[in-house]
2 protein chains.
Amino acid sequence: MAGHLQPIKLDSYKPLRELVCESIRQAIIDGTFSPGERLMEIQLADEMGVSRTPVREAIRKLELEGFVVMIPRRGTYVADISIRDITEIYEIRTCLDELAAGLAAERITPEELETLDRHLVEFGIAIAENDMEKIVEVDTAFHEVLYMASRNARLHSIINNLREQVTSIRGRSMSYPGRLTETMEEHRALVDSIASRDVERAQSAARVHIENAEHTLMKSINPVT
Amino acid sequence: MAGHLQPIKLDSYKPLRELVCESIRQAIIDGTFSPGERLMEIQLADEMGVSRTPVREAIRKLELEGFVVMIPRRGTYVADISIRDITEIYEIRTCLDELAAGLAAERITPEELETLDRHLVEFGIAIAENDMEKIVEVDTAFHEVLYMASRNARLHSIINNLREQVTSIRGRSMSYPGRLTETMEEHRALVDSIASRDVERAQSAARVHIENAEHTLMKSINPVT
DNA sequence: TAAAATAATACTGTATACAATTCTAAAATT
DNA sequence: AATTTTAGAATTGTATACAGTATTATTTTA
């Protein structure tokens, strides 16, 4: 194992398995656990100060979410993300984000539009200050509002899951030269078209945004291609 | 509980949790468990002749798949599918099936095309014989080949999951007057456009197919609308 | 008689114990 | 020396036991 997990705090009402799941997921996303690394139940349980039961249940969930791979009787391994995976994920996201944007253009409330605008401003400030943590935070909040506005909970959760699966490597594309300002412009175009209730334009803006994100991600992984 | 589950057979190499999961899922799909019905771990375990542990893990998986709803410390209930759910699911499927059809038009092999054709013929025979079981079987096989041909495993599994979530009520739309022959015509149009590698037409055929399926399903649930 | 309080019951959440399998490594054989 | 065999250790799969909480029923009180 690379680093170590923080012990689980029991302040929450949530079941332990949820806390354990979130903790392991976070560790995978932030790189504490490397791709391909084996995750052993007893070890994880000891580190977090819980028994194997909630750890097992957490791992089952992470498997469904695509963060780990389980081989029966052999163990659990942190999923290794490949070029193929990225291609698959963005093929789907291009399509789903387009859908979400179109629905949002039809269903968003004035309050939500205001929130989007605010996030847009915050995003600009975060970029100016080069505050990476803030950037990621605002970006996440921005998309959260957008997906919420689509009024389709399943769509929201499917996209979120796909987003999370590339989170561990998204940092690289974020730091790609010029990508951040480009991202902001794309976000602005998206908000504009949604604000004017233009479904077609919103869809196209979303498609462009996702396609560009994919290209940047690909370039940042393999500059040759 | 309505009926009862068959005891788990241990002939397979699969972990018990998988067998238990499939058994419960099947029972939900075929109506052995009704929507809203409470699922109790001890009872399920006893009926299948296993302990609570694999049952719990199976339930966790079914929750992720959307077949059951868990309320912490309160229990697990068979998910109740609503008009809202159907709308959500078909909004997504319209988009994903369009994607899958487009990709299939680009990536399908001649062998797969042949298989699709064969399924098309079988479907016609099954309709002529009014063999409902066969119809469902061939329909499933048909779509399976199609999604496989998209060469996107995630897309395949997301669509399959969405399909399964309405399986329990799909029987009704199947028996809607005239829907079966309509379905076959739509399938044929889809195969034709894929065979001629026409991405646009394949997408449009898929969209039409899903939209019609939704409309029929809605009508069969609520004839007034 | 109705409502509230309390006790009993039953279920879920978590921990631990046992069984079965697989991996590791050491020893034996070719 | 290399390969196979075999014994041990470690890990996952499953079962069971215990703890905590929610529900239900009963009793008490207004």
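1. A good place to start is R38(B), which counts as partly exposed, with a relative accessibility of 41%. Please keep in mind as you read that this is a predicted model. R38(B) sits in strand β1 of chain B, a strand made of residues 38-39. If you look for R74(B) next, you will find 36 residues along the chain between the two, while their C-alpha atoms are separated by 10.0 Å.

2. Staying with chain B, have a look at Y176(B). This residue is found in the loop that runs between α7 (153-174) and α8 (179-195). Y176(B) is also partly exposed, at 28% relative accessibility. In sequence, T216(B) is 40 residues away from Y176(B), yet from C-alpha to C-alpha the two are 7.2 Å apart in space.

3. Now for the cysteines. How many disulfides does a search of the whole structure find? Over all chains, the search finds 1. The bond is formed by C95(A) and C95(B), whose sulfur atoms are 2.4 Å apart. This pair crosses between chains: C95(A) belongs to helix α4 of chain A and C95(B) to helix α4 of chain B, each helix covering residues 83-107. As a reminder, a disulfide is a covalent bond joining the sulfur atoms of two cysteines. You will have to look beneath the surface for this one, as both C95(A) and C95(B) are buried.

4. Why does C21(A) not form a bond with C21(B)? The closest cysteine sulfur to that of C21(A) is in C21(B), and at 17 Å it is too far for a bond. The view from the other side agrees, since the sulfur of C21(B) has its closest cysteine sulfur in C21(A), 17 Å away and again too far. C21(A) is buried, with a relative accessible area of 1%. For C21(B), the relative accessible area is likewise 1%, so this residue is buried too.

5. Next come the charged pairs. The structure holds 40 salt bridges over all chains. One of them joins E57(B) to R60(A), with the closest N and O atoms 3.4 Å apart. Here the link runs between chains, from helix α3 of chain B, where E57(B) is located, to helix α3 of chain A, where R60(A) is located; both helices span residues 52-65. Are these two residues buried or exposed? Both E57(B) and R60(A) are buried.

6. Another pair worth finding is E41(B) with R56(B), whose side chains meet in a salt bridge at 3.0 Å from N to O. This one links distant parts of the chain, with E41(B) in helix α2 (residues 41-48) and R56(B) in helix α3 of chain B, 15 residues apart. E41(B) is buried at a relative accessible area of 16%. R56(B) is buried as well, because its relative accessibility is 19% and the cut-off for buried is under 20%.

7. Chain B offers one more example in E186(B) and R179(B), whose side chains form a salt bridge of 3.1 Å, N to O. Both E186(B) and R179(B) are buried. Elsewhere, salt bridges with shared partners connect R17(A), E57(A), E41(B), R52(B), R56(B) and R60(B) in one network.

8. Let us turn to the surface. Which residues gather there in a patch of negative charge? They are E111(A), E114(A), D117(A) and D192(A). Helix α5 of chain A (residues 110-128) gives the largest share of this negative patch, with 3 residues. One residue of helix α5 is E111(A), which is exposed, its relative accessible area being 54%.

9. Finally, here are two backbone details in loops of chain A. N130(A) has a phi near 55 degrees, which is positive although the residue is not glycine. N130(A) is placed in the loop between α5 and α6 (132-149), and at 55% relative accessibility it counts as exposed. R197(A), another residue other than glycine, also has a positive phi near 55 degrees. The loop that holds R197(A) lies between α8 (179-195) and α9 (199-221) of chain A. With a relative accessible area of 38%, R197(A) is partly exposed.

How values were computed: Residues numbered from 1 in each chain as written. Chains lettered and ligands numbered in written order. Predicted model: local features only at pLDDT ≥ 70, side-chain atom pairs only at ≥ 80, totals over all residues. Heavy atoms only, no water. Patch = residues over 30% accessible without salt bridge, like charges linked within 9 Å, V, L, I, M, F, W, Y side chains within 5 Å. Areas by Shrake-Rupley, 256 points an atom, 1.4 Å probe, with all protein chains shown as cover. Salt bridge = Lys/Arg side-chain N within 4 Å of Asp/Glu carboxyl O. Lys, Arg positive; Asp, Glu negative; His and termini not counted. Charge placed at Lys NZ, Arg CZ, Asp CG, Glu CD. Helix = DSSP H or I, 4+ residues; strand = E, 2+ residues; numbered from the N terminus. Buried < 20%, exposed > 50% of the residue type's maximum accessible area, 1.4 Å probe, protein only. Disulfide = S-S within 2.5 Å.
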